[in-house]
Amino acid sequence: MRELGLQVRSDAVGNLFGRLEGDDPTAVMTGSHIDTVPNGGPLDGALGILGALSAVETLKTQLGRPRRTLEVLVCCEEEGAAYPANYWGARAITGTLDPAEAASVKDADGRPIGDAMRAVGLDPAAIPSARRQDVATFVELHIEQGRLLEDAGLEVGVVGAITGQYRAQVVVEGRPDHAGTTPMDLRSDAYLGAAEMALRVAEIAGQLGRPAVATVGRVRLEPGAVNVVPGRATFSLDARHPDLALFEELLTSLDVALHEIAARRDLAVAVTRHLYEEPTPMSAQVQDLLGETADALGLRWMPMTSGAGHDSEIMARAYPTAMIFVPSQGGRSHRPDEWTPIEQIVPGVRLLAHTLRRLAYDA
Ligand SMILES: [Zn+2]
């Protein structure tokens, strides 16, 4: 960023900014996160930063000083890989990160994130100073991390909403009995109830149709012995939809189904919610601008939703925000072979550059 002649600074949590000053100090910001997941790939997050640098470099070289300030964001700690601190950087920027979390958010060894901040010279007490109230627009370029664009043979996606997310733990209680002496008709098998529930969960999301998803990803049986009828089954439930009304419909259908199955099988069921995040719509104005710009460039694109969370989800609650997706090869992400060939990256960077031009030079 220094080589490009940007003014470089970092904030209280370690977000990094490269600023190209314009006549109007309110900033058109673009970028993504610098962190990744264990065993992750090279593009998740990093693409949005390098794409932003490339776009801003081109604009600066060809058009010079912008009317409105342009800023490249290198956002920290989006994934929450080391600490359960998702969107740490974006939350600091939008003023929704409580400094007390520096002490309460701890890694697997019990070490607070505040200690890690101090170890690299950051002061947790200064977190409120990271808040930005001068951001006019935020645009994030990111890989799709799914396979819809590739399947459709399209170049870019314009994100309309980031999915709502629900996570719960479901405990099904039956009765542990001897697997040899208890006749089938006298059993209260918690696992069979949980298994039927898992099938129904997938069916319900499938019937609601794309992009509804619901997943049972982890199951634990107790006592977990080969010769004992399972007395308790505990499973995780993850459900997502980007449309609030349909998200609520999905959650209600799941809840009704779990209780219906439990009652019919004479089992008890308890559902404990761990996460409920409403869907986050992106700015209609910025989406329209991205769509018009994509049309003007002759790009093959479609509107779509994001089934994964992104910094833009946090930014959208504070500033007009939208996202550009480029295809992910085979839909693979969060794994080392995550990839997008350069010729499929370029259309996304072009769309970003032309959109930034409209926002920062033409506006
Ligand atoms: Zn990401």
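**Exercise 1. A buried salt bridge**

Task: In this predicted model, find which residue forms a salt bridge with Glu71, and state where both partners lie.

Solution.
1. Glu71 pairs with Arg132, and their closest N and O atoms are 2.8 Å apart.
2. Glu71 belongs to strand S4, whereas Arg132 sits in the loop between helix H4 (113-119) and S5; the pair therefore ties together parts that are 61 residues apart in sequence.
3. To classify the burial of each partner, compare the relative accessible area with the cut-off of under 20% for buried. Glu71 has 1%, so Glu71 is buried. Arg132 has 7%, so Arg132 is buried.

**Exercise 2. Salt bridges elsewhere**

Task: Determine how many salt bridges the whole structure holds, and describe the one between Asp23 and Arg65.

Solution.
1. A search of the whole structure gives 25 salt bridges.
2. In the bridge between Asp23 and Arg65, the N to O distance is 2.9 Å.
3. Asp23 is in the loop between strand S2 (16-20) and S3, and Arg65 is in the loop between H1 and strand S4 (68-75), so this bridge ties together parts that are 42 residues apart in sequence.
4. Asp23 and Arg65 are both exposed.

Task: Locate the partners of the salt bridge between Glu155 and Arg300, and name the residues of the network that is joined by shared partners.

Solution.
1. The side chains of Glu155 and Arg300 meet at 4.0 Å, N to O.
2. Glu155 lies in the loop between helix H5 (148-152) and strand S6 (156-162). Arg300 lies in the loop between helix H8 (284-296) and strand S13 (301-306), so the two tie together parts that are 145 residues apart in sequence.
3. Arg300 has a relative accessible area of 45%, so Arg300 is partly exposed.
4. Salt bridges with shared partners join Arg19, Glu21, Glu71, Arg132 and Asp134 into one network.

**Exercise 3. The zinc site**

Task: Identify the protein donors of the zinc ion and the spacing of these donors along the chain.

Solution.
1. The protein donors are His33 (NE2), Asp44 (OD) and His142 (NE2), at 2.0 to 2.2 Å from the zinc ion.
2. Along the chain, the donors follow the spacing H-x10-D-x97-H.
3. Asp44 lies in the loop between strand S3 (24-33) and helix H1 (46-63), and His142 in strand S5 (residues 135-143), so the pair ties together parts that are 98 residues apart in sequence.
4. Asp44 and His142 are buried.

**Exercise 4. A nonpolar patch**

Task: List the residues that make the nonpolar surface patch of about 320 Å², then place Tyr191.

Solution.
1. The patch is made by Tyr191, Leu192, Val219 and Leu221.
2. Helix H6 (190-208) and strand S9 (219-222) are the elements that give two or more residues to the patch.
3. Tyr191 lies in helix H6. Its relative accessibility is 36%, so Tyr191 counts as partly exposed.

**Exercise 5. Backbone exceptions**

Task: Find where the cis peptide bonds from Arg210 to Pro211 and from Glu222 to Pro223 lie, and place two residues with positive phi, Asp266 and His334.

Solution.
1. Start from the general rule: most residues other than glycine have a negative phi, and most peptide bonds are trans.
2. The bond from Arg210 to Pro211 is cis, with omega near 0°. Pro211 is in the loop between H6 and strand S8 (213-215).
3. The bond from Glu222 to Pro223 is cis, with omega near 5°. Pro223 is in the loop between S9 and strand S10 (232-241).
4. Asp266 is not a glycine but has a positive phi of about 60°. Its place is the loop between helix H7 (244-264) and strand S11 (268-277), and with a relative accessible area of 66% Asp266 is exposed.
5. His334, also not a glycine, has a positive phi of about 55°. His334 is in the loop between strand S14 (321-326) and helix H10 (342-362), and is partly exposed at a relative accessible area of 39%.

**Exercise 6. The hairpin of S1 and S2**

Task: Work out how S1 and S2 are connected and which residue in S2 is the bridge partner of Gln7.

Solution.
1. Strand S1 (residues 7-10) and S2 run antiparallel and are joined by four bridges.
2. The bridge partner of Gln7 in S2 is Arg19. Arg19 is also one of the residues in the salt-bridge network of Exercise 2.
3. S1 and S2 form a hairpin with five residues between them, and Gly14 in the turn has a positive phi of about 100°.

Methods. Residues numbered from 1 in each chain as written. Predicted model: local features only at pLDDT ≥ 70, side-chain atom pairs only at ≥ 80, totals over all residues. Heavy atoms only, no water. Donors = N, O, S within 2.8 Å, 3.2 Å for Na, K, Ca; no water. Buried < 20%, exposed > 50% of the residue type's maximum accessible area, 1.4 Å probe, protein only. Patch = residues over 30% accessible without salt bridge, like charges linked within 9 Å, V, L, I, M, F, W, Y side chains within 5 Å. Areas by Shrake-Rupley, 256 points an atom, 1.4 Å probe, with all protein chains shown as cover. Pairing = 2+ DSSP bridges.
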